[in-house]
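Please find below a note on the model under review. The points are numbered for ease of reply.

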Amino acid sequence: SSVLFEGAQGALLDKDLGFFPYITKTDTKLSAAENLYLPFKDTIPVNKIGVLRAYSHRHGNGPLPTEMQTLSKKIPEEHNVYNEWQEDFRVGWLDLILCRYAIAMNPNLDSIALTCLDKLSGFSKIKICTSYKFTGVIEKNLSSVFNFEKIRNEYRITSINPVFGLEMEDRKKVTEILSQCKPFDFLEFKGWKENLNEIKFANQLPKNVKTYLEFLKSKQGLGLPISILSFGNTRENKFP
């Protein structure tokens, strides 16, 4: 038999490495689950899977550099609407910088479970953000957090590093910078019109879907295999 440990909330809400103050009170990293099976780690096989949507999303306030209101309208979330305990559900193109940050927070992942791929059907082009632009000042004490180059009067940010032990004021500054960032570079992929809910076998996936997935698995993308692909709201809408 198998036992599944599911992380609470999401990686970017982690109490230590999430973007303060938009965080939870708990440890959302893989290490929290690892502590539970630590006494048995040499006797049981463990498969570590990171769960990721095929596009960026966020509830309520907090950094979401690729957010587009037009996408929020085209990719509605019927079960995640504004109410008394959560604010708007926000949507953007897939953000490679934040994805890689989450992966760096959770080293030794074996693979990715990519969900909600069906929500991208119908777009003529699909984008992935690979860098941000920021007009402002990145203070020297935050240079360990951001990898960037200065281009005239703005920064091109290419990655974010998980740094433990930052003071709360510095964590706030990191969040403020990310909240002001906009996409600098996008990769564009051809979209697809096919209804993926009707797919029964992996070889039936449209060519443009396969191209998108191959990039995500590559070193230029997430650098991890995709072990589970979900494209609908039933058990049948997934591989394997």
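**Note on strand pairing, surface and burial**

1. In strand 11, Lys-238 is the bridge partner of Ser-230. Strand 10 and strand 11 are paired in the antiparallel sense, over two bridges. Pairing here requires that DSSP find at least two bridges between two strands. Helices (H or I, at least four residues) and strands (E, at least two) are DSSP runs, numbered from the N terminus.

2. The basis of the values should be stated. The model is predicted, with local features requiring pLDDT of at least 70 and side-chain atom pairs counted only at pLDDT 80 or more, whereas totals for chains, interfaces and linings use all residues. Residues are numbered from 1 along each chain as its sequence is written, and side-chain values use heavy atoms, with hydrogens and water left out.

3. Strand 10 belongs to an open sheet of four strands, whose order is 1-5-10-11 and whose pairing is mixed. Strand 1 (49–53) and strand 11 (238–239) are the edges; each has a single partner strand, so one side of each lacks a neighbour in the sheet. In general, strands of a sheet pair through backbone hydrogen bonds, either parallel or antiparallel.

4. Within this sheet, strand 5 (residues 111–115) and strand 10 (residues 226–230) run parallel and are joined by three bridges. Ala-113 has Ile-228 as its bridge partner in strand 10, and Leu-114 has Leu-229. Helix 5 (residues 207–217) lies across both strand 5 and strand 10, running at about 145° to strand 10. For such angles, axes are lines fitted to C-alpha atoms, for helices over the stretch in contact, and the angles run from 0 to 180 degrees between N-to-C directions.

5. Is Thr-115 buried or exposed? Thr-115, a residue of strand 5, is buried, with a relative accessible area of 17%. The class limits are under 20% for buried and over 50% for exposed, with partly exposed in between (1.4 Å probe, protein chains only). Not counting residues up to four places away in sequence, Thr-115 touches Val-51, Leu-52, Arg-53, Ala-54 and Ser-230; contact means heavy atoms within 4.5 Å.

6. A second set of pairings involves strand 8 (residues 154–160), which pairs with strand 6 (residues 125–134) in the antiparallel sense over three bridges. Here Tyr-132 has Ile-157 as its bridge partner in strand 8. Strand 7 (residues 146–151) also pairs with strand 8 in the antiparallel sense, over six bridges, and Ile-151 is matched with Glu-154. Two residues separate strand 7 and strand 8 in their hairpin, and Arg-152 in the turn has a positive phi of about 55°.

7. Ile-128, found in strand 6, is buried, with a relative accessible area of 0%. Leaving aside neighbours within four places in sequence, the contacts of Ile-128 include Leu-94, Leu-96, Phe-186, Tyr-212 and Phe-215. The C-alpha atoms of Ile-128 and Leu-224 are separated by 16 Å, the two residues being 96 residues apart along the chain.

8. Val-3 lies in the segment before helix 1 (30–37). Val-3 is exposed, with a relative accessible area of 66%.
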